[in-house]
Amino acid sequence: EKADIGLIGLGVMGANLALNIAEKGYRVAVYNRTTEKTHEFHENAGEFKERIIPCDTLEQLVGSIRAPRPIILMIKAGDPVDQETKALKPLLMRDDIIIDAGNANFHDTVRRLNSLGADDPTFVGMGVSGGEEGARHGPSIMVGGTKEAYDRISPVLTAISAKYEGEPCSALLGPDGAGHFVKTIHNGIEYADMQMIAEVYGILRDGLGLSAPAIGSVFSKWNDGPLNSYLIEITAKVLLAVDPDTGKAAVDVILDSAGQKGTGRWSAIEAQMLGIPATGIEAAVAARSLSALKSERQVAEKAYPSGAAALSPEDRARFIDDLEQGLLAGKIAAYAQGFAVMAGASKEYEWDLPLATIARIWRAGCIIRSQFLDVIAEAFDKGSPENLLLAPAFIERMTKGSAALRNVVSTAALSGLPVPALSSALSYFDGYRQARGTANLIQAQRDFFGAHGFKRLDREGDFHGPWSDMG
Ligand code: NDP
């Protein structure tokens with residue numbers, strides 16, 4: 001019996017996705033560049049072994065799938081996807097579908113689609129989030145492609161996706177690069193979310209002098225409130241974990257230098273290219289880059305001994321409440337920015353991205369999953385706010401949260417503790433809600449040195465300032 005679907009790439013994500021597909025009753029043919037992995041995977045597939053067809057060559061893979069064939073690529077993003085697509089093309093027919101499920105840059109997805117000829121197979125760019133667990137038991141799936149292609153693969157995608165109160169977290173979000181773009185912004189928001197959590201951890205550790213398990217308890221409590229989310233939950237777990245070798249808190253033996261693979265950076269770059277402010281994401285990417293300068297930071301700490309003043313214990317309980325509310329406010333600003341970037345891209349590329357649906361399919365399966373996304377989905381359902389900060393549900397939350405965020409950011413600044421993402425969120429909020437900003441001065445400066453002209457508040461037209469005689 002032939003397979004319903006093929007899958008190339010049995011790394012962490014691919015292997016788990018294949019098991020997920022088989023568990024849902026589909027037959028899946030699998031292929032991996034390194035052949036031993038294919039057989040090892042099949043040997044260890046347990047109860048799903050019968051529904052998995054291991055293949056040593058692409059020819060064998062293609063021959064094992066019932067036509068028209070959907071084939072998922074779950075391999076390293078970039079050049080490998082071009083190589084595999086090139087190798088597959090001559091083996092496939094027009095009705096077959098290549099589904100790139102890796103973290104592709106959406107520009108590559110658009111390029112790959114545009115390079116296909118009329119008789120080539122269809123190409124679908126699909127973002128998958130949820131890490132290893134998600135791939136195995138239900139990820140959030142963000143698809144870019146044609147409706148025809150999606151309709152054909154949606155039964156299996158719906159079956160393997162995460163469910164939020166029964167609703168599948170898989171959707172067609174737009175044509176060509178839309179799915180990979182949304183996945184990229186998902187990761188950008190994830191960067192901002194993680195960074196703000198890390199900043200709050202820093203305040204609790206270095207400002208209040210709390211131990212890792214004590215901070216873990218704080219996060220654990222917060223997970224029962226409005227901050228309830230997967231990231232807060234795992235932060236609490238991580239902080240409570242003990243290193244088996246030393247008996248110390250696990251986080252206390254981990255090098256403070258963060259890795260990054262590109263999606264956060266791409267989010268910041270795309271936001272910049274679209275001219276949409278996404279300062280939380282930018283701050284988070286820059287913070288990871290700063291974290292990587294470990295040896296420079298060690299020298300700098302000697303040159304500028306810390307002025308960090310410990311926070312007074314009397315304020316502790318109230319301040320911890322402010323940290324919770326402030327973190328929520330920062331999160332609202334960062335999500336508002338992420339959704340604004342998607343709205344901007346939607347306009348620019350004429351994708352018509354369904355923002356409420358995006359919030360819905362992020363409620364389960366993905367790394368930024370939370371109930372908070374349900375509130376976002378509702379806000380987009382009720383109207384199409386230009387920015388989430390203008391949605392009634394968020395005006396209320398932000399009014400309360402911004403006061404707490406202000407206290408957190410100012411206290412951190414006075415104590416010499418870095419809060420780049422939280423402070424950028426606060427400045428974004430303050431800038432956004434200021435009807436009369438300061439760019440009138442920027443326009444005057446630009447006109448002074450470059451004769452760029454400016455508009456006036458009181459008259460239509462383009463004007464120059466009275467500085468021609470000023471040199
Ligand atoms: P792994 O490193 O675990 O596996 C990489 C896979 O890619 C292997 O099957 C490897 O084959 C294959 N591969 C690498 N280079 C080539 C090549 N030149 N030609 C053919 N195959 C190649 O990666 P992951 O499973 O973590 O990631 C796969 C994709 O999913 C990536 O795009 C990643 O960004 C994305 N992703 C990862 C998430 C995660 O949490 N890990 C979450 C969401 C998306 P071989 O065994 O022969 O080396």
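1. Leaving aside residues within four places in sequence, Asp 4 is in contact with Tyr 26, Arg 27, Arg 66 and Val 156. The model discussed here is a predicted one. Asp 4 belongs to the segment that precedes strand E1 (5-8). It has 18 other C-beta atoms within 10 Å and is therefore classed as partly exposed, since a buried residue would need 20 or more. A distant reference point for this residue is Ser 289: the two are 285 residues apart in sequence, and their C-alpha atoms are 43 Å apart in space.

2. On the overall fold, the chain contains 19 helices and ten strands. Its radius of gyration is 25 Å, close to the 23 Å given by the globule rule for 471 residues, so the chain is as compact as a globular protein of that length. The C-alpha trace spans about 75 × 65 × 45 Å along its principal axes. Buried residues account for 48% of the 471 residues. Among contacts in the chain with a separation of 6 or more, 70% are between residues 24 or more positions apart.

3. Arg 152 illustrates a contact between parts of the chain that are separated in sequence. This residue lies in helix H7 (residues 147-160). Apart from residues up to four places away in sequence, Arg 152 touches Pro 70 and Ile 97. Pro 70 is 82 residues from Arg 152 along the chain, yet their C-alpha atoms are separated by 8.5 Å. Arg 152 has 16 C-beta neighbours inside 10 Å and so counts as partly exposed.

4. The pairing of helix H8 (residues 178-207) with helix H14 (residues 316-349) merits inspection. Their axes are 10 Å apart and the packing angle is about 160°. Because angles over 145 degrees count as roughly antiparallel, H8 is placed in that class relative to H14. The crossing of these two helices is right-handed. On the H8 side the contact includes Phe 181, Ile 185, Gly 188, Ala 192, Met 196 and Ile 203. On the H14 side, the participants include Leu 323, Leu 327, Gly 330, Ala 334, Gly 338 and Ala 345. By class, the contact of H8 with H14 comprises 15 nonpolar, three polar and two charged residues. Asp 193 of H8 and Lys 331 of H14 are among the contributors.

5. Helix H14 also packs against helix H17 (residues 392-414), where the axes come within 7 Å and cross at roughly 120°. H14 is therefore oblique to H17. This crossing is left-handed. Residues of H14 in the contact include Asp 322, Leu 323, Gln 325, Gly 326, Ala 329 and Gly 330. Those of H17 include Phe 394, Arg 397, Met 398, Gly 401, Ala 404, Leu 405 and Val 408. The contact of H14 with H17 divides into nine nonpolar, six polar and three charged residues. Leu 323 and Gly 330 of H14 take part in the contact with H8 and also in the contact with H17.

6. Some details of backbone geometry should be checked by the reader. A cis peptide bond joins Ala 67 and Pro 68, with omega at about -10°. Pro 68 is placed in the loop between helix H3 (58-64) and strand E4 (70-73).

7. Glu 165 has a positive phi, near 45°, and is not a glycine. Its position is in the loop between strand E8 (163-164) and strand E9 (167-168). With 7 C-beta neighbours inside 10 Å, Glu 165 counts as exposed. Ala 451 likewise has a positive phi, of about 50°, although it is not a glycine. This alanine is found in the segment after helix H19 (439-450). Ala 451 is exposed, because 11 other C-beta atoms lie within 10 Å and the limit for that class is 12 or fewer.

8. A last point concerns Pro 90, which sits in the loop between helix H4 (79-88) and strand E5 (97-100). It has 9 other C-beta atoms within 10 Å and is accordingly exposed. Pro 90 and Leu 417 are 327 residues apart in sequence, with a C-alpha to C-alpha distance of 58 Å.

Key: Residues numbered from 1 in each chain as written. Predicted model: local features only at pLDDT ≥ 70, side-chain atom pairs only at ≥ 80, totals over all residues. Axes fitted to C-alpha atoms, helices over the stretch in contact; angles between N-to-C directions. Helix = DSSP H or I, 4+ residues; strand = E, 2+ residues; numbered from the N terminus. Parallel < 35°, antiparallel > 145°, perpendicular 65-115°, else oblique. Left-handed = near helix turned anticlockwise from the far one by under 90°. Contact = placed C-beta atoms within 7 Å. Nonpolar A, V, L, I, M, F, W, Y, C, P; charged D, E, K, R; others polar. Rg over C-alpha atoms; globule rule 2.2 N^0.38 Å.
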